[in-house]
Amino acid sequence: MKRHFRVWRGDESGGEIQDFDVEVNDGEVVLDIIHRLQATQTPDLACRWNCKAGKCGSCSMEINGKPRLGCMTRMSTFEENETVTITPLRTFPVIRDLVTDVSFNYEKARETPAFAPPPGVAPGDYRMQQVDVDRSQEFRKCIECFLCQNTCHVVRDHEENKKAFSGPRYFIRAAELDMHPLDDRTDRKEYAQASQGLGYCNITKCCTEVCPEHIKITDNAIIPMKERVVDRRYDPLVWLGRKIFRRDQLQNGSATNMAPSSSEGVTGVAAGLSGAGTRPPQAPAVGADGKLEVAELLSPHAGGPSPFGNDQEFPLPNITYNHPEQDKS
Ligand code: SF4
Ligand code: SF4
Ligand code: FES
């Protein structure tokens, strides 16, 4: 059965959306359609891919305005008569067609301080408890698809922020090293705040929503680092609490009715444990439906029109990111 596709073609000097009708078979993914297009209609259509198994992170693209892996986006997730529009990642410069220059991310990787081994311990003699391995394992699942980097509004429409902002992929690297028991640097979160632009992040969770590895970037890396890096002296809620409550009321937690955070990695008072040195949890604003504002659409930094066509505004109206397998289920 033939289906209608719209694909952006062009290079750094400009381009346009082109229309194609392509055969689609049961069980196919968007990358199959791109391959069929290359085989039958557009042999020069440029697209990066390697594994076709969701593991190499090469085939990142925007499909109907949502950042996704082409090889993991099943055609069955679309309506039968739905037009599928495929555009390159918007945050990075286009090289050609669906291929973008993602070297921004490699520069940020280079700027991220490497693992600092403990002095006096030779490589091969490092020993870790399994529980410590398990904690950081989530972040090691990253396939460097850069969908999170692409979707983050801090750089998506703000080229000027790229210098100061490393992005969510490198926040999880900082968090991973921060919880590494053998890492000799003790300033990972302070460094993230001062030099990686952690303060630019306003925890919209868009990065978490698009991560194909389901890494809880915001809950398990960004929020715990933010919670620990901010001195409670600068927290206006704590300042107000000091004015209203006695110290012992603040210390035993009776001054707050907030529910403990259930996020992994959150410790101290935020996790419902006693400990006067930790700031109390601050619940992020929720929308009318009681859910966190997860879409850029709802964030104070809404995206601008897409350079790949006026019908490619991001995000598309009424769309909230969902992981591909949850779509239309
Ligand atoms: S939570 Fe939002 S602002 Fe923060 S890194 Fe992720 S996408 Fe960017
Ligand atoms: S954290 Fe997730 S979305 Fe970001 S680069 Fe890694 S796998 Fe991709
Ligand atoms: S081709 Fe490797 S992740 Fe899609």
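Colleague: Ala, Val, Leu, Ile, Met, Phe, Trp, Tyr, Cys and Pro count as nonpolar, Asp, Glu, Lys and Arg as charged, and the others, Gly among them, as polar. With that settled, how many nonpolar, polar and charged residues does the shell around ligand 1 have?

Modeller: There are 8 nonpolar, 4 polar and 1 charged. Bear in mind that this is a predicted model, where local features need pLDDT of at least 70 and side-chain atom pairs count only at pLDDT 80 or more, while totals for chains, interfaces and linings use all residues. Residues are numbered from 1 along each chain as its sequence is written, and chains are lettered from A and ligands numbered from 1 in the order in which they are written.

Colleague: Which residues come nearest to ligand 1?

Modeller: Cys-152, Pro-168, Cys-201, Thr-204 and Cys-207, out of 13 around that ligand. A residue counts as near if its C-beta atom, placed from the backbone, lies within 6 Å of the molecule. Helices H8 (206-210) and H9 (217-229) are the elements giving two or more residues to this shell; helices are DSSP runs of H or I with at least four residues, strands are E runs of at least two, and both are numbered from the N terminus.

Colleague: And what surrounds ligand 2?

Modeller: The shell has 15 residues, with Cys-142, Cys-145, Cys-148, Cys-211 and Glu-213 the closest. By class that is 12 nonpolar, no polar and 3 charged.

Colleague: Switching to packing: at what angle do H7 and H9 meet?

Modeller: About 95°, and the axes of H7 (residues 188-195) and H9 are 9 Å apart. The axes are lines fitted to C-alpha atoms over the stretch in contact, with angles from 0 to 180 degrees between N-to-C directions. That makes H7 roughly perpendicular to H9, a label for 65 to 115 degrees; under 35 is roughly parallel, over 145 roughly antiparallel and the rest oblique.

Colleague: Which residues make that contact?

Modeller: From H7, Lys-189, Glu-190, Ala-192 and Gln-193; from H9, Met-225, Arg-228 and Val-229. Residues are in contact when their C-beta atoms, placed from the backbone, lie within 7 Å.

Colleague: Anything odd in the backbone?

Modeller: Asp-97 has a positive phi of about 50° although it is not a glycine. Asp-97 sits in the loop between strands S6 (94-96) and S7 (99-100).

Colleague: Is Asp-97 buried or exposed?

Modeller: Asp-97 is buried, with 24 other C-beta atoms within 10 Å. The cut-offs are 20 or more for buried, 12 or fewer for exposed and partly exposed in between, with C-beta atoms placed from the backbone and counted within 10 Å of the residue's own.

Definitions and conventions
Contact = placed C-beta atoms within 7 Å.
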